[in-house]
Amino acid sequence: MSTDLIGLAARRVVLLDGAMGTELMARGLPQGACPEAWNAERPEVVREIHAAYFAAGSDAVSTNSFGGNRIKLAAHGLEGRADEFNAAAARLARASAPAGKFVAGSMGPTGKFLKPQGEFTEDEFEAAYAEQAAALAGGGADVLLVETQYDLREALCAVRGARRATSLPVLATMTFNAVPRGYFTLMGDPVARCLQELRREGAAAVGANCTLNSEQMAGLVAVMRSETALPLVAQANAGKPVLGPDGAVTYSQGLEDYVRFVPDIVRGGANLVGGCCGTNPAFIQAMAESLFRSRK
Ligand SMILES: [Zn+2]
């Protein structure tokens with residue numbers, strides 16, 4: 001019986017979902033608007049996107065709360081609605097989830113930096129993430145997904161905040177750049193240190209998302225697998241964003257090329273796979289066909 005997501009990931013590959021932000025924009029969210037506000041203002045749109053991912057084969061979807069911590073919401077003057085937006089995000093995903101499917105509470109970065117590069121203290125980051133985690137748990141999330149973190153210190157604040165505020169399993173993904181010396185976060189944190197310290201902080205699963213395309217992600221997954229025994233999460237971008245003449249952003253890696261490397265990501269040791277920027281329900285459906293063909 002699969003009663004929890006981590007337990008399921010121990011038995012077979014778990015399929016996550018793809019991008020949320022670009023799906024909201026495709027349905028009319030203006031450039032620069034606060035995506036989390038749509039949990040309150042356009043809940044039917046958020047539910048429709050979750051439903052499309054479940055229909056495509058996702059075992060779990062991520063809530064529309066990537067930028068839902070109060071430090072990030074302050075950029076829109078909406079920090080006072082953090083609790084409301086996150087609780088609504090989790091409720092909408094829960095309401096869209098068929099029986100036996102899962103809801104991951106998305107917790108993206110603050111967009112700010114810790115001292116000395118920035119103005120914030122670790123306590124302030126941890127408190128903002130704890131508040132978000134509590135609201136996501138209250139709304140019905142099964143796990144928390146700390147994701148797209150580019151600073152290990154911030155990621156650790158997020159995991160600490162989530163574990164302080166809830167008893168849910170915390171999955172944590174960093175975003176790495178590929179350089180000749182290996183893979184490093186924006187702040188220069190190497191893979192091994194990230195995975196070790198996230199584990200020490202109590203993460204139930206670790207991994208990487210965003211920035212890299214699916215071919216590059218397959219290379220990174222093999223490196224991560226050599227550094228940890230924890231379940232691994234991998235969510236690659238569909239290549240790089242390309243700004244069109246009309247101002248619309250597309251992504252450089254097409255669906256077929258993206259999906260071609262998904263078996264390599266799994267062979268490399270990923271246990272939970274999904275998409276990131278530029279992916280959509282069609283990508284997830286193609287991944288499901290690629291991953292689970294033999295089971296049908
Ligand atoms: Zn991304």
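The following paragraphs describe the packing of three helices and the internal and open spaces of a predicted model.

Helix packing was examined first for α6, which spans residues 82–96, and α7, which spans residues 122–138. The axes of these two helices come within 7 Å and cross at roughly 40 degrees. Angles under 35 degrees count as roughly parallel and those from 65 to 115 as roughly perpendicular, so the arrangement of α6 relative to α7 is oblique. The crossing in which α6 passes α7 is right-handed. On the α6 side, the contact is formed by Ala-82, Asp-83, Asn-86, Ala-87, Ala-89 and Ala-90, while α7 contributes Glu-131, Gln-132, Ala-135 and Leu-136. Sorted by class, the residues of this contact comprise 6 nonpolar, 2 polar and 2 charged members.

Helix α6 also takes part in a contact with α4, the helix of residues 43–56, and here the two axes come within 9 Å and cross at roughly 45 degrees. That angle makes α4 oblique to α6, and the crossing of α4 past α6 is right-handed. Residues Pro-43, Val-46, Arg-47, His-50, Ala-51 and Phe-54 represent α4 in the contact, whereas Leu-92, Ala-93, Ala-95 and Ser-96 represent α6. The class composition of the contact between α4 and α6 is 7 nonpolar, 2 polar and 1 charged residues.

Attention then turned to the open space of the model. The largest pocket encloses about 1100 Å³, and its lining is made up of 41 residues, of which Gly-21, Thr-22, Met-25, Phe-66 and Cys-277 are the closest to the pocket centre. At least two lining residues are supplied by each of α2 (21–26), β4 (143–149) and β11 (249–251), and among the elements the greatest share comes from α2, with 3 residues. By class, the lining of the largest pocket holds 16 nonpolar, 21 polar and 4 charged residues.

Enclosed space was considered separately, and the structure was found to hold 2 cavities of 30 Å³ or more. The largest cavity has a volume of about 40 Å³. Its lining consists of Ala-234, Gln-235, Ala-236, Tyr-258, Val-262, Ile-265, Val-273, Gly-274 and Met-287, with β9 (232–236), α12 (262–267) and β12 (272–275) each giving two or more of these residues. The element that gives the most to the lining of the largest cavity is β9, with 3 residues. In terms of class, the lining of the largest cavity has 7 nonpolar and 2 polar residues, and no charged residues.

The second largest cavity contains about 30 Å³ of space and is bordered by Leu-5, Leu-16, Ala-104, Val-143, Leu-145 and Leu-171. The lining of the second largest cavity is made up of 6 nonpolar residues, with no polar and no charged residues. The linings of the two cavities may thus be set beside that of the largest pocket: charged residues are absent from the largest cavity and from the second largest cavity, whereas the lining of the largest pocket includes 4 charged residues.

Key
Residues numbered from 1 in each chain as written. Predicted model: local features only at pLDDT ≥ 70, side-chain atom pairs only at ≥ 80, totals over all residues. Heavy atoms only, no water. Axes fitted to C-alpha atoms, helices over the stretch in contact; angles between N-to-C directions. Helix = DSSP H or I, 4+ residues; strand = E, 2+ residues; numbered from the N terminus. Parallel < 35°, antiparallel > 145°, perpendicular 65-115°, else oblique. Left-handed = near helix turned anticlockwise from the far one by under 90°. Contact = heavy atoms within 4.5 Å. Nonpolar A, V, L, I, M, F, W, Y, C, P; charged D, E, K, R; others polar. 1 Å grid on protein atoms, 1.4 Å probe; cavity = no way out; pocket = protein on both sides within 12 Å on 5 of 7 lines; lining within 4 Å. Points joined across faces, edges and corners; volume = space filled by probe spheres on them.
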